[in-house]
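Biologist: Could we go through this model together? I would like to begin with its inner spaces and then turn to its backbone.

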Amino acid sequence: MEVPAGFSAKLCSFISFLPFFLLLFILGLLKAALVGPVVVGIILIGNSAVILGLWTAHFVWTYYCVAKTKKLGPVLKAVVLVSLPVPLVLWPVFGIVGSLLGGIGYGFFVPLLATFEAVGGNVTDKFYHCFLDGWWSTIKGGCMVVQDFTDFCFHSYFSYMDELIETVLPDEKPMDIKLSKLPSCLLASLIGVPVDMLLITIVALWKSPYMLFKGWKRLLEDLIGREGPFLETVCVPFAGLAIILWPLAVVGGVIGAIVSSFFLGLYSGVIVHQEGSLQFGLAYIVAVVSLFDEYVNDLLALREGSCLPRPKYSRNMGPSSERKKLGDNHDIDSRNGRESPCTSKLISEKSRTLKWTIQQYRPMEVWDWLFKSCEVNGRILLRDGLIIVKDIEECILKGNCKKLAIQLPAWSILQCLLASAKSDSSGLVISDGVELTRMNGPRDKVFEWFIEPLLIMKEQIKGLQLNENEEICLRELVMRGRNEKPEEWDDTEFASSNNVRRAQLQSIIRRLQGIVASMSRIPTFRRRFRNLVKVLYIEGIHAGASANHMGGILKARSGIKKWIQSEDRNNGDEIVSEGEHWDTTMGM
């Protein structure tokens, strides 16, 4: 693409861009004004009904689980039980207010962005899509927000509580605090919360003009020169939109700093308990403001460090330990192939002359890959008899979904690890020609917590050097076998009799299943999992995967058909062709 060179060419490009941008912006605002109130009503009413409807159950069950758990010691349990009414009473207030603000943001920005996305390079008939995109999709998105929120309040919450009251191991010590340290911990937190909230808010407000004007400067330079992130012509409208919306990002950053300052101040009580000294807790209250100031300076590419005092708040912390720690992190990031914060800052400053050619994968793309892999592997397992229609029926009718919700995703991820170990890849081979590495992986912290253990397990599998027969046997062991002790594989076809080798593989399988169990608590998992169950059930019926159970299917099919039809109405991302198979198969 030819980029304008010279002041006059850039000025002409900028002037010719303005009418095009203004028309799109006005059209997007019109859509937001019409569809926004509908979306706000859907999200506010739906989420409020869920919050208020489940509040009594949440209140009673939280108290019951905290009182029953063996993972908390007597002193800490008493403190939690006494303080629980505060968050439980405030939850409906913050939940409803958050739903209102979230509904306003979603109802306003999604139609606006859809209008600009309609002029993208891959969109045909741009004029048509500029007017129609963002209407129905925004309303469906609002319904999905309510559905995901319901899944979190119902499934994820009770899953966390069930984990809290699980039986602890005999050698596992409960988490507790010393009664003698409790007064000083509470005092430090009571001092730290107001002091840190005040000081961090002042720092955030002081640095907000720098964030505003430095952001505007960068965006205007990239817009006029069509360089940096806006090199492509299709990105130019988004540059203008980013300039207009940048003050909202600054306001959001300030609000985020204020909210986080509450928890930073509260953490001073933890410092007192760890160090056994109120003096260290008070030192942390002062030092955390300096740490926040240094973080903001790094983020905005201002001077290094902070001019604010940073007293020592840990016995193991030297006078230069924070700077040394930053240097160590830089070395670790360099060895792992990931740029450090300092390097990111330099690259960001030079983005007008350096264009990244590495494709950055978003979290949703990795999420899409996982469920697509589960669908492909689910079809194969159905064909091979490791999943039968009865398993899917039990998941739909009885909620017994371990094989589909835990074992199937665990096998899909393990298959990815096996392929990655064979390819000598530095990351994960998620499909043909697509590799997920530390460089191009999502920068989302939640996904980093899941992906980093997978990279470690891949290296472990690479060291085991499994042969083809062992890999084939692993599939059946993951889907059917128990993986607690090496002796449990004695009656299987697993070739190796080495108990150490078996224990290592069983440990990897258990960790994968634990990772999948944690992933199942993410709200969008439940919605996508229901879509996966529907597709596999239709596939099983259509292919006649379980002819021996056809009688049971005929008895249960009316209830399952109603369930699938309700999912069709609730979800907008179903596979239409598979839905057609349902009609042709069940319309007998």
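Modeller: The turns below cover cavities first and backbone angles second. This is a predicted model, in which local features need pLDDT of at least 70, side-chain atom pairs count only at pLDDT 80 or more, and totals for chains, interfaces and linings use all residues. Residues are numbered from 1 along each chain as its sequence is written, and side-chain values use heavy atoms, without hydrogens and water.

Biologist: How many cavities of 30 Å³ or more are there?

Modeller: There are two. A cavity is a set of points, on a 1 Å grid over the protein atoms alone, where a 1.4 Å probe fits but cannot get out.

Biologist: How much space lies in the largest cavity?

Modeller: It holds about 150 Å³, a volume being the space filled by probe spheres set on the points. Its lining has 14 residues, and V366, W369, I451, L454 and M519 are the closest to its centre. Lining residues have an atom within 4 Å of a point.

Biologist: Which class are the lining residues?

Modeller: The lining of the largest cavity has 14 nonpolar residues, with no polar and no charged ones. Nonpolar covers Ala, Val, Leu, Ile, Met, Phe, Trp, Tyr, Cys and Pro.

Biologist: Now the backbone. What is phi of A301 and of Q465?

Modeller: Phi is near 60° for A301 and near 50° for Q465. Most residues other than glycine have a negative phi.

Biologist: Are A301 and Q465 buried or exposed?

Modeller: A301 is partly exposed because its relative accessibility is 25%, whereas Q465 is exposed because its value is 66%. Buried means under 20% relative accessible area, exposed over 50%, and partly exposed in between, with a 1.4 Å probe and protein chains only.

Conventions
1 Å grid on protein atoms, 1.4 Å probe; cavity = no way out; pocket = protein on both sides within 12 Å on 5 of 7 lines; lining within 4 Å.
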